[in-house]
Amino acid sequence: MGLLIKGGEVITADARPRCDIYIENETVTSIGQALDVPPGTETIDATGKLVFPGFIDPHVHIHLPFMATFAKDTHATASKAALIGGTTTFIEMCCPSRYDDAIEGYQTWKQKAEGNSACDYAFHMAVTRYDAATEAQLRAIVKDGTASFKVFLAYKDFFGVTDEELLSTLKLAAELGVITTAHCENAVLVSQQQRKLLAEGKTGPEWHEPSRPEMVEAEGTGRFAAFLEQTGATGYVVHLSCEPALRAAVDAKLRGVKLHVESVLPHFLLDKTYAERDGVEGMKYVMSPPLRAPRNQCALWAALDAGLIDTVGTDHCPFDTAQKLMGAEAFTQIPNGIPGIEDRVNLMYTYGVKLGGLNIHRFVDALSTRPSKLFGLFPRKGTIAVGADADLVVYDTEYRGKIAASTQHTNNDYNGFEGFAIEGRPSVVTVRGKVQVRDGQFVGEPGRGRMLRREPMHGPQGAAHAG
Ligand code: URP
Ligand code: ZN
Ligand code: ZN
């Protein structure tokens, strides 16, 4: 039985026709005015609503052993939260530590997701050590369809790699045509500064930002770019938070380095004063890179509108209040991270498109199309076209509400955006043609999500120099 989405304004990265979309099985099979469909076709009336391609979150943590604890979500909870918020695909960081076996880690992450995620998903494979076994392991993982790597230039002695390991990873990535995503902060400068602050008795969450100042991120970004330049690999800076790091990235782009930039939801809307709140209220806002001085937000929004920031992810990483309190004695022990998977689309639509003048096509591009192109999912995901997966978001721009932990689906006891007003939310969300969400409720099939296998597409020919 087909599904017709009728009369909506269809918004892609480059067009906005008012038309019908007809879906058979899992795929969009026709798009046009007043489509003639078989009798008995289920119809969703999208009159007065926008229809977006399913949104893609290019950076989430779901299963995550980190800082002596585990992030709170399961694939079941995170995927439902994602879908309710309009995200139909996420790419999860598969992060075994430096002391774990890469293949075993990869299998663990896959097993956690399989049969449990309600939306489609893929992985970025973290390279947290590079030894004699690594090359063969990474080749096998890429062959299995995980065609993107992740490196951490921070978190020394846990996830972090040395410069030698970074170089080896990027050489292999260049050969394989795999894109490498990177957390860019200088680990040595961070640990030195952390020790100094703690020795001075500066232990509260308000000292997290001063322990990782902007120049530490700018250095990491510039260094990553230099390694890309030297190896010819393609890179992607994750969660870029501040103007000096942005300048380093744009400078690299201008000299032809194949570098793409992601910023994440918290850095557009929150600033370091949140982490300066008393006690655990401040701890809830500890993440890395840290929330910054407010002036950085203007730079991020402008760069997003101009396309210099390619994508917007969340870095979804929920730790609850009790876990945050692990850092009551020292900010260095506060688990880093904040949830966001459920709220990215509504908040970026409200504060970007609706109230901030962000171009609506750029919004679709940054939250769906460009992640899809950069990470080898296009044209199956990230657009609305005949032959594409029928991942669709019928969006109600008349909805008015407020973000609240009490109504969220993410498994956490707080929401960092508590009280933020939203002016719009998905009224219907489909994944490969099946309605999974109606009006803020999950109504679909848990565990329906599939792992998306991807081909390397950043080879020397630059076949996928997206953007
Ligand atoms: O604070 C953060 N960002 N936590 C998650 C791990 C990471 O660095 O992405
Ligand atoms: Zn990170
Ligand atoms: Zn992350």
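Reader: Why is the site of the zinc ion (ligand 2) called irregular?
Author: In this predicted model, the angles among its four donor atoms run from 56 to 150°. Four donors are tetrahedral if all angles lie between 85 and 135 degrees; four are square planar, and six octahedral, if opposite donors are over 155 degrees apart and all others between 65 and 115; anything else is irregular. The value of 56° falls below 85, and 150° does not get over 155, so neither four-donor label fits and the site is irregular.

Reader: How do you know which protein atoms are donors of the zinc ion (ligand 2)?
Author: By distance: a donor is an N, O or S atom within 2.8 Å of the metal (3.2 Å for Na, K and Ca), and water is not among the atoms, so sites may look incomplete. H183 (ND1) and H239 (NE2) lie 2.1 Å from the zinc ion (ligand 2), so they qualify. The pair links distant parts of the chain, 56 residues apart: H183 sits in strand β12 (residues 179-183), and H239 in the loop between β13 (234-237) and α8 (243-254). Helices (DSSP H or I, at least four residues) and strands (E, at least two) are DSSP runs, numbered from the N terminus.

Reader: What makes the zinc ion (ligand 3) site irregular?
Author: Its four donor atoms give angles of 86 to 143°. The low end would pass as tetrahedral, but 143° is beyond 135 and short of the 155 for square planar, so it too ends up irregular. The protein residues coordinating the zinc ion (ligand 3) are H59 (NE2), H61 (NE2) and D315 (OD), at 2.0 to 2.1 Å. Along the chain these donors follow the spacing H-x1-H-x253-D. The zinc ion (ligand 2) is 3.7 Å away from the zinc ion (ligand 3).

Reader: Are H59 and H61 buried or exposed?
Author: Both are buried, which means under 20% relative accessible area; exposed is over 50%, and partly exposed is in between (1.4 Å probe, protein chains only). H183 and H239 are both buried as well.

Reader: What makes D315 unusual in its backbone?
Author: D315 has a positive phi of about 60° without being a glycine. Most residues other than glycine have a negative phi, and most peptide bonds are trans. D315 lies in the loop between β15 (311-313) and α12 (321-324). Its relative accessible area is 13%, under the 20% mark, so D315 is buried.

Reader: And why is A34 called exposed?
Author: Its relative accessible area is 63%, over the 50% mark, so the label fits. A34 also has a positive phi, about 40°, though it is not a glycine. You'll find A34 in the loop between β3 (27-32) and β4 (42-45).

Reader: Which peptide bond before P289 is cis?
Author: The one from S288 to P289, with omega near -10°. P289 sits in the loop between α10 (279-283) and α11 (295-306). Another cis bond joins F378 and P379, with omega about 5°, and P379 is in the loop between α14 (360-374) and β16 (392-396).

Reader: Why is helix α1 said to be mostly covered?
Author: Seven of the 10 residues in α1 (residues 75-84) are buried, among them H75, A78 and L83. The cover includes β9 (87-94), α2 (102-113) and β19 (425-431), where a contact is heavy atoms within 4.5 Å. After α1 comes G86, with a positive phi near 95°.

Reader: What makes the chain as compact as a globular protein of its length?
Author: The chain has 14 helices and 21 strands. Its radius of gyration is 21 Å, close to the 23 Å that the globule rule gives for 467 residues, so the description holds. The radius is taken over C-alpha atoms, and the rule is 2.2 Å times the number of residues to the power 0.38. Of the 467 residues, 64% count as buried.

Reader: How confident is the predictor, going by the mean pLDDT?
Author: The mean pLDDT is 97, with 99% of residues at 70 or more, on a per-residue confidence scale from 0 to 100. Residues 463-467 are below 50, and beyond near neighbours in sequence that stretch has nine contacts in the model.

Reader: Any ground rules?
Author: Residues are numbered from 1 along each chain as its sequence is written, with chains lettered from A and ligands numbered from 1 in the order in which they are written. In this predicted model local features need pLDDT of at least 70, side-chain atom pairs count only at pLDDT 80 or more, and totals for chains, interfaces and linings use all residues, while side-chain values use heavy atoms, leaving out hydrogens and water.
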